[in-house]
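User: I would like to go through this structure by question and answer. Please give cut-offs where terms come up.

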Amino acid sequence: METIIKFAELKLEQFIQGTTNNWLIFSALPESKQHSSGIDGDVILNALKAVEIIDADLDVTIDSAYDYAYSISTDNKLKLAFAKSKHADKGSALETLKCVTITYELGDLKRNGDYYRVIARDNLGAELHRTNPLTLDQIDKVISTFDSTRDVTTSGYVKYEIKPDFIVN
């Protein structure tokens, strides 16, 4: 079974400036099947001319037929490389990618009891916070805390997604 997520829904963990390319490292694809350290071919970056590579090739010149190269290894984190001339900084890259979707295969999901996760997003859809598994009573406290401490006039509003917690086998 597949799912679709936007780049803006993933948390940016790191921006790397290599010798040839720059690349972004995003958080693990949520509930994704386990990937190998090779090329699996089961992740699609929609609306991008991109080729899948292995992590070791992130700083190798990207084939001119493609604008981007990406890698997903056993940590399930998405790494997206691009020529320094394509995007000079991470802000430019993130702005270009924010509406691009990623299609990938879900793992073998099993419900984790009566636990849920809350994902807080800003008014642009970017992830602000993702909780550990919580009960519904605990979720109420998390949402109340966010709502009571956020200045909507300067920071925008927060929207919440509550979904069951899964264990990926």
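User: How many helices and strands does the chain have?

Analyst: Helices (H or I, at least four residues) and strands (E, at least two) are DSSP runs, numbered from the N terminus. The model is predicted, so local features need pLDDT of at least 70 and side-chain atom pairs count only at pLDDT 80 or more, while totals for chains, interfaces and linings use all residues. Residues are numbered from 1 along each chain as its sequence is written, and side-chain values use heavy atoms, with hydrogens and water left out. From the N terminus the order is β-β-β-β-β-β-β-α-β-β-β-α-α-β, and the chain comes to three helices and 11 strands.

User: What share of the residues in the chain is buried?

Analyst: Buried means under 20% relative accessible area, exposed over 50%, and partly exposed in between, with a 1.4 Å probe and protein chains only. The C-alpha atoms fill a box of roughly 50 × 40 × 25 Å along the principal axes. Of the 169 residues in the chain, the buried share is 37%.

User: Among contacts between residues at least 6 apart in sequence, what percentage joins residues at least 24 apart?

Analyst: A contact means heavy atoms within 4.5 Å. Taking the contacts in the chain between residues at least 6 apart, the part that joins residues at least 24 apart is 62%.

User: How far apart are the mean positions of the positive and negative charges?

Analyst: Lys and Arg count as positive and Asp and Glu as negative, without His and the chain ends. Each charge is placed at NZ of Lys, CZ of Arg, CG of Asp or CD of Glu. For the 19 positive and 26 negative charges of the chain, the mean positions are separated by 3 Å.

User: How many residues of strand β6 are buried?

Analyst: Strand β6 covers residues 68-72. Y68, Y70 and I72 point one way from β6, A69 and S71 point the other way, and all are buried. The strand is therefore mostly covered, and the count of buried residues is five of five.

User: Which strand pairs with β6 in the antiparallel sense?

Analyst: Two strands pair if DSSP finds at least two bridges between them. Strand β5 (residues 50-52) runs parallel to β6, with three bridges, and A50 stands opposite Y68. The antiparallel pairing has five bridges, and the partner is β7 (residues 77-83).

User: Which residue in the turn between β6 and β7 has a positive phi?

Analyst: β6 and β7 form a hairpin with four residues between them. The residue asked for is not a glycine, and its phi is near 60 degrees. It is also buried, with a relative accessible area of 9%. It is N76.

User: Where is E31 placed?

Analyst: E31 is not a glycine, yet has a positive phi of about 55 degrees. E31 is buried, at a relative accessible area of 18%. Its place is the loop between β3 (21-28) and β4 (43-45).

User: Why do the rings of Y68 and F82 count as edge-to-face?

Analyst: Rings of Phe, Tyr and Trp (its six-membered ring) pair if their centres lie within 6.5 Å; planes under 30 degrees apart are stacked, over 60 edge-to-face, and the rest tilted. The whole structure has three aromatic pairs. In one of them, the centres of Y68 and F82 are 6.3 Å apart and the planes stand at 70 degrees, so the pair is edge-to-face.

User: How many residues apart in sequence are the parts that this pair ties together?

Analyst: Both Y68 and F82 are buried, and F82 is the bridge partner of Y68 in β7. Y68 lies in strand β6 and F82 in strand β7, so the pair ties together parts whose separation in sequence is 14 residues.
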